[in-house]
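Q: Please take me closely through the salt bridges in this model, with the burial of the residues that form them. After that, carry on to whatever else would help me read the picture.

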Amino acid sequence: MSQDKPDQNDHIRLFLPGPVEVRPEVLRAQAGWMVGHRSAEFRALFARLQPKLRALFQTQHRVYVSTSSGSGLWEAASRCCVRPGRPVLHLVNGAFSARWAEVSQANGKEVDVIEAAWGRAITPEQVEEALRARAYDAVAATYNETSTGVLNPLGAIAAVVRQHPDTLLLADVVSALAGAPLPTDAWGIDVCLASSQKAVALPPGVAFAAVSDRALARAAEVPNRGYYFDFLVLEKYLQRDQTPATPPISLLFAADVQLDAILAEGLEARVARHQAMAQSVQAWALGAGFGLFAEDGYRSPTVTTVANTRGIDFAALDAYLRTRGMAISNGYGKLKGQTFRIGHMGEVTPADVQTLLDAIDAFLAGG
Ligand SMILES: *Cc1c(COP(=O)(O)O)cnc(C)c1O
């Protein structure tokens, strides 16, 4: 076995919807000696990341690197892409999409919301109707609602938004990037933002946003964009292969290694692996007498929200799994107890998932 398959019992393996398992090789890449963030070495590293990030997002546009978690880029997208006095339309069907709407509001934007019940997908028809009724500066959509395990039909929603040339499409792809199909440019997404610690399988602390020329042109028309999350400031520094403030240099060493691994696996193969894992978790859940919280046809490839129809004690299951060196997640917010979540994203393999499901079966059989 290579060093990259460490003793599986030396730590708790995470089957969480973020943070996720990070490969030892990637963890070790963070231990490199520091370089100055204005040095030639850093600029070479930063320049090397760009084509890899563009390939990951399937975009010809730039990809900004933000020293923040994904939430910071919510703020960036809301602040930079919505003009004063013009509304932004948020599509809300879970905790993360709801929080992004709050972020827009907290930044003084005028927010309209269309909703679907938790567990249901937002439909393109709902979006079409809303866009016919009012002119929006932007639509803010969440691709994979990590709280419910719903993968919204982002491609079809994008096609609707694209009928409205003055409306930008902002997409949270935090728990979908590198785990679900995401042709950013082909779908016409203007701001496509993601965190490092989900399906990209890096440690937390850095976030990425693919940003279109249209979004940059919009930013130039918006006053009070702030500084730290201003796309125009990020753009100016990106042109010099730098970031405005000190970046998480160690994490970027790790990203350099991990992005190579992702692209070597191939995006299609990677997405297929995620879909296969999702299918086995779904089949297991139904077979074990549980339900699936997300509606059929819109179930996430990266996280499965199991409806706890058997009424099992999640704390007891969690404690048992930890003795076996594994961790899953309780339901999110109001879904705690009612559901639990199994993350199958990043470097997790179908064999790992089988090991987890066998352990849950053993727990259900009485340990
Ligand atoms: C995890 C998550 C977030 C929040 O990301 P942070 O990196 O924790 O800020 C936002 N949206 C979705 C869909 C998520 O899964």
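A: Let's settle one term first: buried means under 20% relative accessible area, exposed means over 50%, and partly exposed is in between, with a 1.4 Å probe and protein chains only. This is a predicted model, in which local features need pLDDT of at least 70 and side-chain atom pairs count only at pLDDT 80 or more, while totals for chains, interfaces and linings use all residues. Residues are numbered from 1 along each chain as its sequence is written, and side-chain values use heavy atoms, with hydrogens and water left out.

Now to the charged pairs. Side chains of opposite charge can pair when their charged atoms come close. The rule here asks for a side-chain nitrogen of Lys or Arg within 4 Å of a carboxyl oxygen of Asp or Glu. Searching the whole structure with it gives 23 salt bridges.

You can start with R225 and D230, whose side chains form a salt bridge at 2.8 Å, N to O. R225 and D230 are both buried. Elsewhere, salt bridges with shared partners link R23, E25, E265, R270, R273 and E347 into one network.

For the next pairs you will want the secondary structure: helices (H or I, at least four residues) and strands (E, at least two) are DSSP runs, numbered from the N terminus. D137 and R218 pair through their side chains at 3.6 Å, N to O. D137 sits in the loop between helix 5 (124-133) and strand 5 (138-142), and R218 in helix 8 (residues 213-219), so this salt bridge ties together parts 81 residues apart in sequence. D137 and R218 are both buried.

D256 and R48 are another pair to pick out, with their side chains in a salt bridge at 2.8 Å, N to O. Because D256 belongs to helix 10 (residues 249-265) and R48 to helix 2 (residues 40-57), the pair ties together parts that are 208 residues apart in sequence. D256 counts as buried at 12% relative accessibility, whereas R48, at 39%, counts as partly exposed.

Staying in helix 2, you will find R43 there, partly exposed at 35% relative accessibility. R43 has contacts (heavy atoms within 4.5 Å) with R38, R240, D241 and Q242, once its neighbours within four places in sequence are set aside. The C-alpha atoms of R43 and Q242 are 6.2 Å apart, although their positions lie 199 residues apart along the chain.

Next, the domains. An automatic or database domain assignment supplies the bounds: domain 1 covers 8-20 + 267-364, and domain 2 covers 24-263. Their centres, taken over C-alpha atoms, are separated by 26 Å. Domain 1 brings 26 residues to the contact and domain 2 brings 31 residues.

The size of an interface is often given as the accessible area lost when the parts come together. Here buried area is the accessible area (1.4 Å probe) that two parts lose on being put together, summed over both. Between domain 1 and domain 2 it is about 2300 Å², and carbon and sulfur atoms give 61% of it. On the domain 1 side, L267, Y298 and Y332 lose the most area to domain 2, together 27% of what that side buries.

How many salt bridges are there between domain 1 and domain 2? The count is 1. Also on the list of pairs are R120 and E295, whose side chains meet in a salt bridge at 3.4 Å, N to O. Polar contacts are pairs of N or O atoms within 3.5 Å; within protein, one must be able to donate a hydrogen and the other to accept it, and residues adjacent in sequence count only if both atoms are side-chain atoms. Across the interface of domain 1 and domain 2, 16 residue pairs make such contacts, both at pLDDT 80 or more. On the side of domain 1 that touches domain 2, helix 11 (267-287) and strand 12 (303-307) each supply at least two residues. Helix 11 gives that side its largest share, 5 residues.
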